[in-house]
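Please look through the sequence and the structure below. The paragraphs that follow take up a few of their details in turn.

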Amino acid sequence: MPKTHILVVEDDDDARMMYTIMLRSWGYEITEATTGGEGIKAAQRQKPDLILLDVMMPDMNGYEVCRQLRDDAQFHRVPILFLTALDAMDDRIKGYTLGGDDFLTKGHTDYKELGARIEAALKRTQRIQPAPPPSKGDGVIVGLLSMRGGVGVTTLALNLAHQAATHGDKPVIVIDLAFPIGSVGLWSGITGPRNTVELLSRQPPEITMPLIENFSVQNVHGFYTVSYTHLRAHETVLDLVCR
């Protein structure tokens with residue numbers, strides 16, 4: 001498994017060497033840059049997992065480096081931690097405003113805290129990574145919620161179902177979770193729905209697509225409407241749709 005790659009952008013030789021030695025001892029792969037311009041080029045050559053960035057540098061300050069990197073889509077999710085001698089509130093606010101993930105002050109940050117901040121930023125980035133696109137055959141769940149009538153949620157749900165049924169090749173089910181028995185069927189003009197009591201009495205493994213079709217009503221546009229109030233049945237049907 002490749003090591004986590006950290007780019008250190010720092011013009012002070014002693015500080016940069018200290019950070020590099022410390023980070024390597026923690027198991028990180030390190031790339032060094034001595035100026036802001038070099039930092040941008042180094043990031044573009046090999047995209048880092050995290051950037052440790054000084055602010056006060058001779059050619060280009062860290063704020064400008066951060067701004068330029070954030071303008072590039074490939075660096076939108078790369079954590080940028082400012083590590084600088086600046087400690088004024090305005091400096092910190094400017095760093096966050098330009099896209100910095102953290103702002104640490106030299107001399108006020110213990111090495112243990114620095115390690116913890118780096119680890120937290122890396123873990124936070126892992127949590128917010130976009131979900132992979134669904135593989136072929138997977139269903140899609142769209143949830144719509146309204147606490148009161150008259151806001152168009154039912155109309156939107158039916159139109160979404162219509163589009164999905166018209167342009168897709170998978171069964172589309174509108175699951176009405178409104179109490180006590182759901183209202184989508186009534187609002188869409190469907191009459192004579194089959195009784196779902198027997199369906200709700202079934203065990204989750206027994207609930208299959210053919211069974212749902214038997215206990216639901218198919219709209220003229222090709223999607224099914226089912227009103228459920230049983231949580232176990234909700235979860236089973238949602239699971240079925242995604243298989």
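At 37% relative accessibility, how is Glu32 classed: buried, partly exposed or exposed? The model shown here is a predicted one, and in it Glu32 counts as partly exposed, because its relative accessibility of 37% lies between the limits of 20% and 50%. The partner of Glu32 in a salt bridge is Arg16, and their closest N and O atoms are 2.9 Å apart. Arg16 belongs to helix α1 (residues 13-25) and Glu32 to strand β2 (residues 29-33), so this salt bridge ties together parts that are 16 residues apart in sequence. Unlike Glu32, which is partly exposed, Arg16 is buried, with a relative accessible area of 9%.

The structure holds 10 salt bridges. Another one of them joins the side chains of Asp54 and Lys106, at 3.6 Å from N to O. Asp54 sits in the loop between β3 and α3, while Lys106 sits in the loop between β5 and α5 (111-127), so the pair ties together parts that are 52 residues apart in sequence. Asp54 counts as buried because its relative accessibility is 3%. Lys106, at 25% relative accessibility, counts as partly exposed.

A further salt bridge is found within one helix. The side chains of Glu64 and Arg67 meet at 2.5 Å, N to O. Both residues are in helix α3; being three residues apart there, they are separated by about one helical turn. In general, an α-helix has 3.6 residues a turn, so residues three or four places apart point the same way. Glu64 counts as partly exposed at 25% relative accessibility, and Arg67 is also partly exposed, with a relative accessible area of 34%. Salt bridges that share partners also join residues into a network, made up of Glu10, Asp54 and Lys106.

Helix α3 can now be followed further. It covers residues 62-70, and its buried residues are Gly62, Tyr63, Val65, Cys66, Leu69 and Arg70. Seen down the axis of α3, these buried residues fall within an arc of 160 degrees, so they line one face of the helix. What do the buried residues of α3 pack against? Their packing partners are two helices, α2 (36-45) and α4 (89-97), and three strands, β3 (50-53), β4 (80-84) and β5 (102-105). At the start of α3, the backbone nitrogen of Tyr63 has a side-chain oxygen of Asn61 within 3.0 Å.

Tyr63 also leads to the aromatic residues. Two aromatic pairs are present in the structure. One of these is formed by Phe82 and Phe103 and is tilted, with 5.8 Å centre to centre and 40 degrees between the planes. Phe82 lies in strand β4 and Phe103 in strand β5, 21 residues apart, and the pair thus links distant parts of the chain. Phe82 and Phe103 are both buried. Ring pairs link Phe82 and Phe103 with Tyr63 into a cluster.

Strand β5 also contains Thr105. Thr105 counts as buried because its relative accessibility is 6%, and the limit for buried is under 20%. Leaving out residues up to four places away in sequence, Thr105 touches Leu83, Thr84, Ala85, Leu86, Asp87 and Arg92.

Notes:
Residues are numbered from 1 along each chain as its sequence is written. This is a predicted model: local features need pLDDT of at least 70, side-chain atom pairs count only at pLDDT 80 or more; totals for chains, interfaces and linings use all residues. Side-chain values use heavy atoms; hydrogens and water are left out. Buried means under 20% relative accessible area, exposed over 50%, partly exposed in between (1.4 Å probe, protein chains only). Helices (H or I, at least four residues) and strands (E, at least two) are DSSP runs, numbered from the N terminus. The arc is that of the directions from the helix axis to the C-beta atoms. Contact means heavy atoms within 4.5 Å. A polar contact is a pair of N or O atoms within 3.5 Å; within protein, one must be able to donate a hydrogen and the other to accept it, and residues adjacent in sequence count only if both atoms are side-chain atoms. Rings of Phe, Tyr and Trp (its six-membered ring) pair if their centres lie within 6.5 Å; planes under 30 degrees apart count as stacked, over 60 as edge-to-face and the rest as tilted. A salt bridge is a side-chain nitrogen of Lys or Arg within 4 Å of a carboxyl oxygen of Asp or Glu.
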